[in-house]
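Colleague: Before we discuss particulars, might I ask for guidance on reading strand pairing and surface patches in a model?

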Amino acid sequence: MPLVIISLILGYSFWYIASYDQTVMLQLNVPLCFAGATHYTLHAPEHINVTIKGKRNDMYALDKESLAAHINVNKLLPGKHGILLTEQHLFLPKNITLIHYQPSNLSVTVCENSNT
């Protein structure tokens, strides 16, 4: 019986060591948040699907519930604009990489408010 317990502990330890630094990919649905749009109306998707990659322990440490894409539209003029997302828009740590987002052609239409 002690041999079985020791082998289980050793097996789990080896599995943990082998999978601790494993690189994984994760798909999430995150909201789009806009800053600087006080005098404008924006037409854009409310959520986007993102695929991120990083080490398993970094993914566990990431607060997935508070993750959002933050876009500053302060300098955009009225009209249709294409936005390219980066890790900085998601405030991702440097060891987690943005692989893909969908819709891949993220477009934001900026319209002036009619009551200003």
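Modeller: Let us begin with pairing in this predicted model. Strand β5 (residues 79-83) and β7 run antiparallel and are joined by 5 bridges. Within this pairing, H81 has V108 of β7 opposite.

Colleague: Which other strand pairs with β7 (residues 106-112), and over how many bridges?

Modeller: Strand β2 (residues 40-43) does, in the antiparallel sense and over 4 bridges. Here C111 in β7 is the residue opposite T41.

Colleague: How should one think of side chains along a strand?

Modeller: In a regular strand, side chains alternate between the two faces of the sheet.

Colleague: In what order do the strands of the open sheet lie?

Modeller: The order is β4-β1-β3-β6, 4 strands with mixed pairing. At the edges are β4 (69-72) and β6 (96-102), each of which pairs on one side only. Ignoring direction, neighbouring strands of this sheet are turned by 35° against each other on average.

Colleague: In what sense do β1 and β3 pair?

Modeller: Strand β1 (residues 23-35) is antiparallel to strand β3 (residues 47-55), with 9 bridges between them. As one registration point, L28 has V50 in β3 as its bridge partner.

Colleague: Turning to helix α1 (residues 2-20), where W15 is placed, is W15 buried or exposed?

Modeller: The cut-off for exposed is over 50% relative accessible area. W15 is therefore exposed, as its value is 52%.

Colleague: Which residues form a nonpolar patch on the surface?

Modeller: The patch consists of I6, L10, Y12, F14, W15, Y16 and I17, and together they have about 830 Å² of accessible area.

Definitions and conventions: Residues are numbered from 1 along each chain as its sequence is written. This is a predicted model: local features need pLDDT of at least 70, side-chain atom pairs count only at pLDDT 80 or more; totals for chains, interfaces and linings use all residues. Side-chain values use heavy atoms; hydrogens and water are left out. Patches are made of residues with over 30% relative accessible area and no salt bridge: like charges are joined within 9 Å, nonpolar side chains (Val, Leu, Ile, Met, Phe, Trp, Tyr) within 5 Å. Accessible areas come from the Shrake-Rupley method with a 1.4 Å probe; for residues, only the protein chains shown count as cover. A salt bridge is a side-chain nitrogen of Lys or Arg within 4 Å of a carboxyl oxygen of Asp or Glu. Buried means under 20% relative accessible area, exposed over 50%, partly exposed in between (1.4 Å probe, protein chains only). Two strands pair if DSSP finds at least two bridges between them. Helices (H or I, at least four residues) and strands (E, at least two) are DSSP runs, numbered from the N terminus. Axes are lines fitted to C-alpha atoms, for helices over the stretch in contact, and angles run from 0 to 180 degrees between N-to-C directions.
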